[in-house]
Structure formats: structure tokens, C-alpha cells
Amino acid sequence: MIRITSVSTAVVEANFDYTYVCIEASDGTKGYGEGFFAPGLAQSMREIGALLVGKEPTNVRSLVTMMRLATSASSGAHGEGALLHAVSGIETALWDLTGKLLGVPVWQLLGGKSRDTVPVYADLHAGTGLPSIDNLLRNRTPFWASQSGTTETGDFYWQSGDADELDFERIVERVQAAGHAGYRMVKLDMDVFEHPRDAEDQTLGTDQISEIAAQAIELRARVSPEVDIAYDCHWRFDIPSASRLHAELSPARPYWLEDPVNPTPEGLARVARAGSIPIASAENAYSLEGVSHLARDGGLDIATPDIQKVGGLLEGLTIAEWTHRNGIGFAPHCIASPLGFAAAVHVMAAAPSVRFLEFHGSDLPFWSELVTAPVIVEGSAPVPSGPGLGVELDLEVAKRYASPHEPFFTERAPRAGA
Ligand SMILES: [Mg+2]
């Protein structure tokens, strides 16, 4: 009988730390997964993954139940926090391994597919390109991009004051370019239309609200009607400001308004009642319980769970079933490398109904090189047909950008001083 022989990790320093886990079976087959960045995540993956050594790998649900029980004293009864990021990544690797051992795609193991392509939206951020952010949300220059050849860490990202780089024409160009590349939806950070402001000030004045709305309406008029535009507010506003903003933004017809306030059921519901734009939230929710809690008061129109964080593919599909039955849109958040992105594609292939999957790597020069086959073609993700996830991590490329302070799977130990 085939058994799991090792669980190892690697970290690629990208726009975030892409944290990978590899599970090797006794016949030499390897499955790969990815977890959402967190301090100490690779170490947690190795520690939790050690529970799997000697086990038969294809009974995935049973192994996930064991890992969630084993971490329940430190991650809560339903599972939440960084240890669930680790379990999510390991679970993905188990699916990839199982699919390869059985010679079938992961979506087949999840119950078969409902579609052949998954719609993708491009996150265009604030229109100025994407910074790299470390596990504690500080801006950084990765070692491969810095003058010194070592990672350079700066301020917290919300203190960096990028908003004064606003260039409306540049935003128009980027939205149009995404449309020409085949995307039917893009997302912008709401602060693209704000003057620099104190990140801790949650209040928007009347003038600010009018200015944001006017620019969103102008942007809507300037770009092709075939491209929908959503806005992410990153939890920045208080309820009265977000409610007024929602009401005034309506003529710009955004596809959704994301995280206008701190995610509480009451807050989302109050903002939702102020207008007709769908409200999106739940990227930081854990497990079905965390997502369904946000919908309690009727203020969640689009659920945006992150598959690398929420508990993995089984949990993601459970949430997709729940959103479908409750008339809520399913549009997973995704800041992963193409490997984690592909894992989300399998969930969305199997889900009964879906909106869009996020693509967050448009400014990372080597994003698509990290796997051996393209995962996005003209604004959509073709559902893979090969065994497992159907895409392979390009180990040569991954190694080039791998953190020198972390092991690279079983090939090397971390450098001294790490
Ligand atoms: Mg967001």
C-alpha cells in the first residue's frame, strides 16, 4: 500500500510569501499545495504535516478531520487562524497527490465539473502597480529586486501613502488594457479616487464622497461597457460614510462594493440597505461558519472566501454549496501563485454556481512562469484535464525566487542565521 513518506515546504518571495507544501508518497509521486501567508506558516505546515507520514494519502477527508482535530486546541472548534492556512495548503497537496495516484483531475474527486472554464477578474489595485508585502503587512523590496541582494523591509503598507500617485488616465488605460486582454471584470482599490488621507480616519466628508463618486462615474463612461468594475474598500470606512458612499456610487454601477466597513453582520447589512450595489465580503473569514455569520443580517451579497485560508478545497466547495442554496454569489479572493490559483479553479469547476475568481498577480513579472502551463487564457481559467491539479510548479523558477531563509523542499536546509 502507498504511504506518505515526507512533508516538506518552500517559500517564494513574491508580492506575498508564496508558501508551498510538498507531500511525497512511497512510490515517489509528489503532490503540491499552497497556504495563505502568515508568520511561521512553513514551520506550522511541517509540524502539522508530520502527522501524515506513514498514512495512506487518498482518504483526504479523514486526514483533514485528523489535522483539524489535532489543531483544535489552538485554532478553535470550527477552525480559524493561521493554522487553518497550513491545513488548507496541506489539504490541497493531498488532493494533488491523490489525483496523480488515481490518474484523475481534482475536480473529478470533488464530484465532477459544472463548467469547462472559470471566469477570472483582474485586480488592478490602485492603478499604480503592486508592492510586495511581508507576513506582517510591511512593504518590502524582495531580495531579487533590491540593490543589496537582501530583502529590504519598510513601513506598514497602510502608512506608505501611495494614494498621492493617483493618475486617472493611467487607471483608464489599465482597465481598457485588461478588457483587451479578455477580462470581463476588473477590481480597483477604492482609494484610487481619494486624496491622501490618514489611514486611521474612517470618516469621508461630503466633498470626498462626491469626488469619489464623480470619478467612478467618469471611469464607467470612459471604458468599454463589456468590462465590469468592482471596488475594494479594505474595511476603511465607518458605517455612515460607507452608507453615503454606497448611495452616491450607484450611478457608476459597480459590479460590487467590497469590504466597505469592518466585517460584522450588522455593519454589512446597514451599508447594503443604503443602495443597490451588491456588497462583497469574507476574504478573511474562516470555515463555513465564518462566512455564513457575515450573512446573518442580510448584508452579504457576494462571498469572497480565500481557498488557501478558509480550510481548503472541501471547505471551499461546502461554502459554494451554501452560497448557491442561499442566493449569494461565490467569488473567491485569491492572492496566491498560479498553483494556489489552480486549486481554486478546481473548487469553482465543481461548484454549482460561480461569479469570478480573483487574479492578483498582474504586476508580478514571474507569476505565470511559476507553473509549467498557463492557468489563465483570455480572461478565463480553463479547467485542467490532467491528473491532480493539472499544473506543476516549475521548480527551477521557484528556486530562483525562493527565500534564502527557508528550506527549499527536501533539497536544502535554511541558511545559517535564519
Ligand atoms: Mg479585498
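**Note on a predicted model: rings, salt bridges, a metal site and sheets**

1. Trp 256 counts as buried, because its relative accessibility is 0%. This value, like the others in this note, is computed from a predicted model. Tyr 255, the ring partner of Trp 256, also counts as buried, at 19% relative accessibility. The cut-off matters for Tyr 255: buried means under 20% relative accessible area, so at 19% the residue falls within the class.

2. How are the rings of Tyr 255 and Trp 256 placed in their aromatic pair? They are tilted, with 55° between the planes and 5.8 Å from centre to centre. These residues also belong to a cluster, in which ring pairs link Tyr 121, Tyr 255, Trp 256 and Phe 356. Across the whole structure, the search finds 13 aromatic pairs.

3. Another of the aromatic pairs is made by Phe 36 and Phe 37. Their rings are stacked: the centres are 4.9 Å apart and the planes meet at 25°. Phe 36 is buried because its relative accessibility is 10%. Phe 37 likewise counts as buried, at 10%. Phe 36 has a further contact, since the charged end of Lys 309 sits over its ring, 3.9 Å from the ring centre.

4. The structure contains 20 salt bridges. One of them joins Asp 17 to Arg 140, with 2.9 Å between the closest N and O atoms. Asp 17 belongs to strand β2 (residues 17-25) and Arg 140 to strand β6 (residues 138-141), so this salt bridge ties together parts that are 123 residues apart in sequence. Are these residues buried or exposed? Both Asp 17 and Arg 140 are buried.

5. A further salt bridge is formed by the side chains of Asp 363 and Arg 174, at 3.2 Å from N to O. Asp 363 lies in the loop between β14 (357-359) and β15 (380-382), while Arg 174 lies in helix α6 (residues 168-180), so the pair connects parts that are 189 residues apart in sequence. Asp 363 counts as partly exposed because its relative accessibility is 29%. Arg 174, with a relative accessible area of 10%, is buried.

6. Lys 113 and Asp 116 also meet through their side chains in a salt bridge, at 2.8 Å from N to O. How exposed is each residue? Lys 113 is partly exposed, because its relative accessibility is 39%. Asp 116 has a relative accessible area of 52% and is therefore exposed. The cut-off for exposed is over 50%.

7. Salt bridges also form a network that links Asp 123, Lys 187, Asp 232, Glu 258 and Glu 358. Asp 232 and Glu 258 deserve a second look, as they also appear at the metal site.

8. Which residues coordinate the magnesium ion? They are Asp 232 (OD), Glu 258 (OE) and Glu 283 (OE), at 2.0 to 2.1 Å. Along the sequence, the spacing of these donor residues is D-x25-E-x24-E. Glu 258 lies in strand β10 (residues 257-258) and Glu 283 in the loop between β11 (279-281) and α10 (287-294), so this pair links distant parts of the chain, 25 residues apart. Glu 258 is buried because its relative accessible area is 1%. Glu 283 counts as buried too, at 8% relative accessibility.

9. Strand β2, which holds Asp 17, is part of an open sheet of three strands in the order β1-β2-β3, with antiparallel pairing. The edge strands, each pairing on one side only, are β1 (4-13) and β3 (30-35). On average, neighbouring strands of this sheet are turned by 20° against each other, direction ignored. Between β2 and β3 there are six bridges, in the antiparallel sense. Tyr 20 stands opposite Glu 34 in β3.

10. Strand β6, which holds Arg 140, belongs to an open sheet of three strands ordered β5-β6-β7, again with antiparallel pairing. Its edge strands are β5 (132-133) and β7 (152-156), and each of them pairs on one side only. How many bridges join β6 to β7? There are three, and the strands run antiparallel. Glu 152 in β7 has Thr 141 standing opposite. Taken with point 4, the salt bridge between Asp 17 and Arg 140 ties a residue of β2 to a residue of β6.

Definitions and conventions. Residues numbered from 1 in each chain as written. Predicted model: local features only at pLDDT ≥ 70, side-chain atom pairs only at ≥ 80, totals over all residues. Heavy atoms only, no water. Salt bridge = Lys/Arg side-chain N within 4 Å of Asp/Glu carboxyl O. Helix = DSSP H or I, 4+ residues; strand = E, 2+ residues; numbered from the N terminus. Buried < 20%, exposed > 50% of the residue type's maximum accessible area, 1.4 Å probe, protein only. Donors = N, O, S within 2.8 Å, 3.2 Å for Na, K, Ca; no water. Pairing = 2+ DSSP bridges. Axes fitted to C-alpha atoms, helices over the stretch in contact; angles between N-to-C directions. Phe/Tyr/Trp six-rings, centres within 6.5 Å; stacked < 30°, edge-to-face > 60°. Lys NZ or Arg CZ within 6 Å of the ring centre and 35° of its normal.
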